[in-house]
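Hi there,

Here is the structure I promised to pass on. Could you look it over when you have a moment and keep it open while you read my notes?

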Amino acid sequence: MVDITTEQQVGFVFQVKDGRGRPKGVEGTPSAVSSDETVCTVSLAAGEGTAWNGMVVSVAPGSARVVVDADADLGEGVQDVVGTLDVN
């Protein structure tokens with residue numbers, strides 16, 4: 001969870017790891033969405049290697065959840081993986 005005030009922004013890194021903590025690549029481009037874009041917006045850009053850099057920008061007071069979704073091969077075939085960040 002992250003607490004930010006109106007007009008602040010916070011960066012984050014989305015990286016898929018297997019059960020042993022080893023970074024894994026994703027298939028295609030992950031999607032990133034805010035549950036309430038009147039509270040915050042989110043953008044995602046390709047990073048280096050297996051990490052994707054994102055930015056959450058506060059729009060107005062409230063609560064929202066940022067969800068990043070991707071397909072990744074964790075060693076037993078491609079699976080859907082999801083990361084979440086609660087914003088207040």
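Below is what I found, going from the strands to the core, the salt bridges and a few single residues.

First, the ground rules. This is a predicted model, in which local features need pLDDT of at least 70 and side-chain atom pairs count only at pLDDT 80 or more, while totals for chains, interfaces and linings use all residues. Residues are numbered from 1 along each chain as its sequence is written, and side-chain values use heavy atoms, with hydrogens and water left out.

**Strands around S6**

A good place to start is strand S6, residues 64-73. Strands here are DSSP runs (E, at least two residues; helices would be H or I, at least four), numbered from the N terminus. Side chains alternate along S6: Ala64, Val66, Val68, Ala70 and Ala72 point to one face and are buried, whereas Arg65, Val67, Asp69, Asp71 and Asp73 point to the other face and are not buried. For accessibility, buried means under 20% relative accessible area, exposed means over 50%, and partly exposed lies in between (1.4 Å probe, protein chains only).

S6 pairs with S3 and with S7; two strands pair if DSSP finds at least two bridges between them. S3 and S6 run antiparallel and are joined by six bridges, with Val33 partnered by Val67 in S6. Strand S7 (residues 78-87) is also antiparallel to S6, and ten bridges join the two. One position to look at is Val66, which stands opposite Leu85 in S7.

S6 and S7 form a hairpin with four residues between them. Gly75, in the turn, has a positive phi of about 110° and is exposed, at a relative accessible area of 64%. Gly75 is eleven residues from Asp86 in sequence, yet the two C-alpha atoms are 29 Å apart.

**The end of S3**

Ser34 belongs to strand S3 (residues 26-34) and is buried, with a relative accessible area of 12%. Its side chain makes two polar contacts worth a look. (A polar contact is a pair of N or O atoms within 3.5 Å; within protein, one must be able to donate a hydrogen and the other to accept it, and residues adjacent in sequence count only if both atoms are side-chain atoms.) The side chain of Ser34 reaches the backbone oxygen of Cys40 at 2.8 Å, and a polar atom of that side chain lies 3.2 Å from the backbone oxygen of Asp36. Taking contact as heavy atoms within 4.5 Å, and leaving aside neighbours within four places in sequence, Ser34 is in contact with Cys40, Val42, Ala64 and Arg65.

**The core**

A nonpolar core here is a set of buried Ala, Val, Leu, Ile, Met, Phe, Trp, Tyr and Cys residues joined through side-chain atoms within 4.5 Å. The largest one has 18 residues, and Phe14, Val56 and Val87 have the most contacts inside it. At least two residues of this core come from each of strands S1 (9-17), S4 (40-46), S5 (51-58), S6 and S7. S6 gives the most, with five residues. Phe14 touches several residues beyond four places in sequence, including Pro30, Trp52, Val68 and Val81.

**Salt bridges**

Side chains of opposite charge can pair when their charged atoms come close. With a salt bridge taken as a side-chain nitrogen of Lys or Arg within 4 Å of a carboxyl oxygen of Asp or Glu, the count comes to three.

Asp18, Arg22 and Lys24 are linked in a network. The closest N and O atoms are 2.8 Å apart for Arg22 and Asp18, and 3.9 Å apart for Lys24 and Asp18. Asp18 is buried at 10% relative accessible area, while Arg22 is partly exposed at 43% and Lys24 is partly exposed at 23%.

Arg65 forms a salt bridge with Asp86, with the closest N and O atoms 2.7 Å apart. Arg65 lies in S6 and Asp86 in S7, so this pair ties together parts that are 21 residues apart in sequence. Arg65 is partly exposed at 39%, and so is Asp86 at 30%.

**One last residue**

Glu7, in the segment before S1, has a phi near 75°, a positive value in a residue other than glycine. Glu7 is exposed, with a relative accessible area of 72%.

Best wishes
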